[in-house]
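Colleague: Could you take me closely through one helix of this model, and show me how it sits within the rest of the chain?

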Amino acid sequence: MGEQYLLEMKGISKSFPGVKALSNVNLQLRAGEVHALLGENGAGKSTLIKVLGGIYHAEEGEIWIEGQQVNIDGVVSSRNAGVSIVHQELVLVPYMTVAENIFLGREAGGKFNIKRRQMTEEAQKLLDTYEMHIDADTLVEKLTIAQQQMVEIVKAISFNSKILVMDEPTSSISDKEVGFLFDTMRTLTKKGVGIIYISHKMSELEEICDRVTVMRDGQSVGTRVVKETNKDDLIALMVGRELTNYYTRDFQKPGEVILKGEHIADGKMVKDASFELHKGEIVGFAGLVGAGRSETMKAVFGLTPDMKGEVYVEGQQVHIKSPIEA
């Protein structure tokens, strides 16, 4: 008799008009492990997770949880089967407390007789159980991005989930916060929760993951024990061939300034942003979620009515009031 997995997805296939998104995909998750799902963009990782989460319905295949076949035909049935997904984009309400966010839509006492004290106590018990070190009475807007992710995780496991899917959880947090997140994941796995971990960061696999399944062109092409493989082997699985080198880059001397922003402000998040863009170069804007990157570009592009500051195009000051003018 073979090993009984916490989760088995067998022969999963899913098609969209003109596209075979998944073809006979297999995935096994053990209780108490972190299992990485790896693959290039378009490999089928998100589609597979959406099948598990009840967002898509597979045309072929079976899903087994704790040795029992389950029929996941929607988000509710997925959650009832013990599956929760923590998406890359946070969906918390910033002006509500941690406790209110955790129990949003299923408040103790119902919508017209909300028992806030009971909700706070239950939320704090969950937070303390998983060693989150967060006060359930705190407004979400007061938390760091990493702490908000912790709240998303607690909200997910408050449904008594046995299987937790984490989609690119470290994409918007600092190295220090990554350590905090990994500590939380280890606490969860010690309690028997199985975690499917989606990430593009190869360096994270060895630190937090036990096994890895690689997807390519809508198929699962191999599962490896992390300690028994290496980066080159995994990349070869991802792209279907051995790579003798990675990306190369040629540098060229930038030309004159073609776009310049000085002391850009939007009256909200952007306070004082200045930058220059030269001909023939790519300028990157880096920062955590909420740092103001997108808001700076929206202001320059004419999407912010009360934008302050100056914008110059090819040395001439312009007054952009709408995207059409931009």
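Modeller: Before turning to the helix, it helps to set the scene for the whole chain, bearing in mind that this is a predicted model. Among contacts between residues at least 6 apart in sequence, 60% join residues at least 24 apart. The secondary structure of the protein chain comes to nine helices and 14 strands, and its C-alpha atoms fill a box of roughly 75 × 60 × 40 Å along the principal axes. Of the 326 residues in the chain, 42% are buried.

The part I would look at is helix H6, which runs over residues 175-190 and has 16 residues. From its first C-alpha to its last, H6 reaches 23 Å, close to the 22 Å expected at 1.5 Å a residue. After H6 comes glycine 192, which has a positive phi, near 95°.

The residues of H6 that are buried are Glu177, Val178, Leu181, Phe182, Thr184, Met185, Thr187, Leu188 and Thr189, so called because each has under 20% relative accessible area. These buried residues pack against three strands and three helices that can be listed by number: strand E3 (34-38), strand E7 (163-167) and strand E8 (194-198), together with helix H4 (116-129), helix H5 (145-157) and helix H7 (203-208).

Met185 deserves a closer look, since, together with Ile153 and Leu164, Met185 is one of the residues with the most contacts inside the largest nonpolar core. That core has 48 residues, and its largest share, eight residues, comes from H5. Apart from this core lies another, of 25 residues, including Met9, Ile65, Ala81 and Met215. Leaving aside neighbours within four places in sequence, methionine 185 is in contact with Val34, Met166, Ile195, Tyr197 and Ile208.

One of the packing partners of H6, helix H4, can be followed a step further through threonine 120, which is found in H4. Threonine 120 has a relative accessible area of 18% and is therefore buried, and, with neighbours within four places in sequence left aside, its contacts are Ala99, Ala136 and Asp137.

Finally, a word on the largest pocket, which holds about 490 Å³ of space. Of the 20 residues that line this pocket, the closest to its centre are Leu90, Ile145, Gln148, Val289 and Gly290. By class, the lining has 11 nonpolar, six polar and three charged residues.

How values were computed:
Residues numbered from 1 in each chain as written. Predicted model: local features only at pLDDT ≥ 70, side-chain atom pairs only at ≥ 80, totals over all residues. Heavy atoms only, no water. 1 Å grid on protein atoms, 1.4 Å probe; cavity = no way out; pocket = protein on both sides within 12 Å on 5 of 7 lines; lining within 4 Å. Points joined across faces, edges and corners; volume = space filled by probe spheres on them. Nonpolar A, V, L, I, M, F, W, Y, C, P; charged D, E, K, R; others polar. Helix = DSSP H or I, 4+ residues; strand = E, 2+ residues; numbered from the N terminus. Expected span 1.5 Å × (residues − 1). Buried < 20%, exposed > 50% of the residue type's maximum accessible area, 1.4 Å probe, protein only. Contact = heavy atoms within 4.5 Å. Core = buried A, V, L, I, M, F, W, Y, C linked by side-chain atoms within 4.5 Å.
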